[in-house]
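Colleague: I am new to this model and would like to go through it by question and answer. Please show it before we start.

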Amino acid sequence: MAELLSIDSNSFFRVRRNVESADNATATGLYSYSGTQPINGQYYGLLLCLYNIEFTVTWSWGVQIFIGENTTISFRTSIRKNGVWGNWQQL
């Protein structure tokens, strides 16, 4: 159905897989996170990712919001040029 409507896998929000690195969350959606690198001290949580276009291209906009196991909320944004993200900021 999605193919008939010209909806690619990154153009709408859906539940995604578990990731061990926030850098591997490259499509819009909700990921479970069990990372090897902590996000503001947290190794487990939910990772919400929103991207305006396919995130593997040279230029795109993105935001990641992380809700850690102790209910801390962190975010980072990017005008992604060659894979560069901003630092994680805790709310």
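**Loops, rings and core**

Colleague: In which loop does Glu20 lie?
Modeller: This is a predicted model, numbered from 1 along each chain as its sequence is written, in which local features need pLDDT of at least 70, side-chain atom pairs count only at pLDDT 80 or more, and totals for chains, interfaces and linings use all residues. Side-chain values use heavy atoms, with hydrogens and water left out. Strands are DSSP runs of at least two residues, numbered from the N terminus. Glu20 lies in the loop between strand E1 (15-19) and E2.

Colleague: Is Glu20 buried or exposed, or in between?
Modeller: Buried means under 20% relative accessible area, exposed means over 50%, and partly exposed is in between (1.4 Å probe, protein chains only). Glu20 has 46% relative accessibility, so the residue counts as partly exposed.

Colleague: Which residues is Glu20 in contact with, leaving aside neighbours within four places in sequence?
Modeller: Contact means heavy atoms within 4.5 Å. By that rule the partners of Glu20, beyond four places in sequence, are Tyr33, Ser34, Gly35 and Thr36.

Colleague: How many aromatic pairs does a search of the whole structure find?
Modeller: Rings of Phe, Tyr and Trp (its six-membered ring) pair if their centres lie within 6.5 Å; planes under 30 degrees apart count as stacked, over 60 as edge-to-face and the rest as tilted. Searching the whole structure gives a count of 2.

Colleague: Which aromatic pair has its ring planes at 75°?
Modeller: The pair links distant parts of the chain, with one ring in strand E2 (residues 29-39), the other in strand E4 (residues 59-68), and their positions 33 residues apart. Its ring centres are 5.3 Å apart and the arrangement is edge-to-face. The two residues are Tyr33 and Phe66.

Colleague: Why does Tyr33 count as buried?
Modeller: The cut-off for buried is under 20% relative accessible area. Tyr33 counts as buried because its relative accessibility is 4%.

Colleague: Why is the pair of Phe66 and Trp88 edge-to-face?
Modeller: Phe66 is buried, at a relative accessible area of 0%. The ring centres of Phe66 and Trp88 are 6.5 Å apart. The pair is edge-to-face because the planes stand at 65°.

Colleague: Which residues form one aromatic cluster?
Modeller: Phe66 pairs with Tyr33, and Phe66 also pairs with Trp88. The cluster therefore follows from the ring rule, and its members are Tyr33, Phe66 and Trp88.

Colleague: How many residues does the largest nonpolar core have?
Modeller: A nonpolar core is a set of buried Ala, Val, Leu, Ile, Met, Phe, Trp, Tyr and Cys residues joined through side-chain atoms within 4.5 Å. Those with the most contacts inside the largest one include Tyr33, Phe66 and Trp88. E2 and strand E3 (42-51) each supply at least two residues of this core. The number of residues in it is 13.

Colleague: Which side chain does a polar contact join to that of Thr72?
Modeller: Thr72 is placed in the loop between E4 and E5, and counts as buried at 15% relative accessibility. A polar contact is a pair of N or O atoms within 3.5 Å; within protein, one must be able to donate a hydrogen and the other to accept it, and residues adjacent in sequence count only if both atoms are side-chain atoms. At 3.0 Å, the partner of Thr72 is Asn70.

Colleague: Over which residues does pLDDT stay under 50?
Modeller: pLDDT is the predictor's confidence in each residue, from 0 to 100. The chain averages 81, and 75% of the residues score at least 70. The stretch under 50 is residues 1-6.

Methods. Helices (H or I, at least four residues) and strands (E, at least two) are DSSP runs, numbered from the N terminus.
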